[in-house]
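This report is meant for a reader who is meeting the structure for the first time. Please look over the sequence and the model before reading on.

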Amino acid sequence: MDSMPLWLQYAMVISPAPHFVSISQAILYRGAGWDAVWPDAIALSLIGILFFVGALMRFRRALAEAR
């Protein structure tokens, strides 16, 4: 991510990919524990919750329109 333009680095914060890669590298390469990966794990969880809620809202709206 360091080679990306600054605006794209900020945009990637809302993408789950860099958080997942950071967690994976910390665990696989350094043997890091929860104390080192919790910020990325929480960010990844929040992004997942937001995507789930958005998908659920779209699904419910589609069901309501189908009636």
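The text below moves from the overall fold to the surface and charges, and then to one histidine.

The model is a predicted one, and its secondary structure consists of 3 helices and 0 strands, which follow one another along the sequence in the pattern α-α-α. The protein has a radius of gyration of 16 Å, whereas a compact globule of 67 residues would have one near 11 Å. Along the principal axes, the box filled by the C-alpha atoms is roughly 55 × 30 × 15 Å.

Of the 67 residues, 12% count as buried, and the area that the protein exposes comes to about 5600 Å², with carbon and sulfur atoms supplying 69% of it. As for charge, the protein carries 5 positive and 4 negative charges, and the mean positions of these two groups lie 18 Å apart.

The following table gathers values for the protein as a whole.

| Property | Value |
|---|---|
| Radius of gyration of the protein | 16 Å |
| Share of residues that count as buried | 12% |
| Exposed area of the protein | about 5600 Å² |
| Distance between mean positions of positive and negative charges | 18 Å |

Is histidine 19 buried or exposed? Histidine 19 counts as buried because its relative accessible area is 11%, which is under the 20% cut-off. Histidine 19 belongs to helix H2, which spans residues 16-30, and, when its neighbours within four places in sequence are left aside, histidine 19 is in contact with Val13, Asp40, Ala43, Leu44 and Ile47.

Notes:
Residues are numbered from 1 along each chain as its sequence is written. This is a predicted model: local features need pLDDT of at least 70, side-chain atom pairs count only at pLDDT 80 or more; totals for chains, interfaces and linings use all residues. Side-chain values use heavy atoms; hydrogens and water are left out. Helices (H or I, at least four residues) and strands (E, at least two) are DSSP runs, numbered from the N terminus. Buried means under 20% relative accessible area, exposed over 50%, partly exposed in between (1.4 Å probe, protein chains only). Contact means heavy atoms within 4.5 Å. The radius of gyration is taken over C-alpha atoms; the globule rule is 2.2 Å times the number of residues to the power 0.38. Accessible areas come from the Shrake-Rupley method with a 1.4 Å probe; for residues, only the protein chains shown count as cover. Lys and Arg count as positive and Asp and Glu as negative; His and the chain ends are not counted. The place of a charge is taken as NZ of Lys, CZ of Arg, CG of Asp or CD of Glu.
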